[in-house]
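This report covers the open and enclosed spaces in one protein chain, its nonpolar core and a single helix residue. The sequence and structure come first.

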Amino acid sequence: MDYVIKEIQEVTFTKLVKWTCSTLMIFGGVVPFIPQYREIKNKKDAEGFSLYVCLVLIFANTLRILFWFGKRYELPLLIQSFIMNIAMLLMIHLCVSVKRKMHLAHFQEHTFTGMEKEYQPTPKFSMASIFGDFDWKYFWAWTDFQSYLDFLIVMIVCCSLLTFLLIKSTIFVETLGLVALLSEAMLAVPQLVKNFQYKSTVGMSVLMVLMWMVGDVFKTTYFVLREAPAQFWICGGLQVFIDILILYQVYLYRDSLNINLPHAGRID
């Protein structure tokens with residue numbers, strides 16, 4: 001009992017603030033995706049959300065995890081990367097499930113391996129059959145969740161092997177960290193491009209983008225006040241700028257109708 005009392009007495013305001021900030025760092029990154037997840041689940045429509053956002057975040061956070069093995073940084077940031085990757089897998093699973101349910105009765109399967117069981121019950125084994133559907137036209141637009149997992153496993157294994165071989169190289173490690181930061185800075189670009197292509201922001205959660213901007217402004221301000229290396233606040237500033245562009249698209253395309261989006265019942 002005395003031990004517990006002693007531990008409580010040693011809890012200071014500074015420690016509470018530190019613990020709070022660490023918790024926010026770990027889970028704060030996934031919070032903006034909660035309203036988007038709920039909107040997709042409730043409306044049964046995932047056409048307004050770009051899955052490339054998930055790809056960018058998984059790639060960036062995977063590199064950040066590998067960067068930790070070459071240059072240690074705060075543990076909350078490492079945990080945040082694992083949490084973010086799990087959250088993005090959940091987003092991908094939801095979007096794929098929703099799209100499959102809304103497809104027409106007959107549609108063409110597109111998978112990472114090219115094994116289309118519906119049309120090829122006993123495909124012949126060959127390199128062409130394994131990667132036959134790996135076409136840029138259908139890249140990251142596959143129709144089953146397993147294909148996304150397969151690709152991510154291949155990507156993670158390749159990046160891990162490369163890191164293992166070059167972990168002693170300072171230039172490689174620093175470059176790895178820089179690429180991870182730049183990739184995360186380009187997080188919202190897929191959504192920006194998709195909005196521009198369809199001239200509409202229907203299906204995109206405005207609250208998600210607002211939460212992005214609030215978080216990015218906070219991070220960038222923190223980097224500047226803490227006199228962090230230039231690449232940190234430059235990448236943070238870039239994220240804020242892209243967030244502002246997306247919010248401008250919301251205003252610009254405010255009168256756009258749902259017809260601008262691809263039909264929910266088809267896979268093109």
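What follows describes a predicted model, taking the largest pocket, the largest cavity, the largest nonpolar core and Thr 62 in turn.

**Pocket and cavity**

The largest pocket holds about 1,700 Å³ of space. Its lining is made up of 48 residues, and those closest to the pocket centre are Met 25, Leu 77, Gln 80, Lys 219 and Phe 223. Two or more lining residues come from each of α2 (13-27), α4 (52-70), α5 (75-102), α8 (170-185), α10 (206-225) and α11 (230-252). Helix α10 supplies the largest share, nine residues.

Enclosed space is a separate matter. There is one cavity of 30 Å³ or more, and the largest cavity contains about 40 Å³ of space. The residues that line this cavity are Glu 184, Ala 185, Leu 187, Ala 188, Trp 212, Asp 216, Gln 239, Ile 242 and Asp 243. Helices α8, α10 and α11 are the elements that each give two or more residues to the cavity lining. The most come from α11, with three residues.

The table sets out the two spaces side by side.

| Space | Volume | Lining by class | Top contributor |
|---|---|---|---|
| Largest pocket | about 1,700 Å³ | 28 nonpolar, ten polar, ten charged residues | α10, nine residues |
| Largest cavity | about 40 Å³ | five nonpolar, one polar, three charged residues | α11, three residues |

**Nonpolar core**

In soluble globular proteins, nonpolar side chains tend to be buried together. The largest nonpolar core in this model has 48 residues, of which Phe 33, Phe 49, Met 88, Trp 140 and Trp 212 touch the most other members. The elements that contribute two or more residues to this core are α3 (33-43), α4, α5, α7 (145-166), α8, α10 and α11.

Phe 33 illustrates the contacts in more detail. Leaving out residues up to four places away in sequence, Phe 33 touches Phe 49, Val 53, Leu 57, Met 84, Met 88, Met 91, Met 208 and Trp 212. Trp 212 also appears among the residues that line the largest cavity.

**Thr 62**

Is Thr 62 buried or exposed? Thr 62 is part of helix α4. Its relative accessibility is 6%, and because the cut-off for buried is under 20%, Thr 62 counts as buried. A polar atom of the Thr 62 side chain lies 2.6 Å from the backbone oxygen of Ile 58. Apart from neighbours within four places in sequence, Thr 62 is in contact with Asn 85, Met 155 and Ile 156.

Key
Residues numbered from 1 in each chain as written. Predicted model: local features only at pLDDT ≥ 70, side-chain atom pairs only at ≥ 80, totals over all residues. Heavy atoms only, no water. 1 Å grid on protein atoms, 1.4 Å probe; cavity = no way out; pocket = protein on both sides within 12 Å on 5 of 7 lines; lining within 4 Å. Points joined across faces, edges and corners; volume = space filled by probe spheres on them. Helix = DSSP H or I, 4+ residues; strand = E, 2+ residues; numbered from the N terminus. Nonpolar A, V, L, I, M, F, W, Y, C, P; charged D, E, K, R; others polar. Buried < 20%, exposed > 50% of the residue type's maximum accessible area, 1.4 Å probe, protein only. Polar contact = N/O pair within 3.5 Å; in protein donor to acceptor, adjacent residues only side chain to side chain. Contact = heavy atoms within 4.5 Å. Core = buried A, V, L, I, M, F, W, Y, C linked by side-chain atoms within 4.5 Å.
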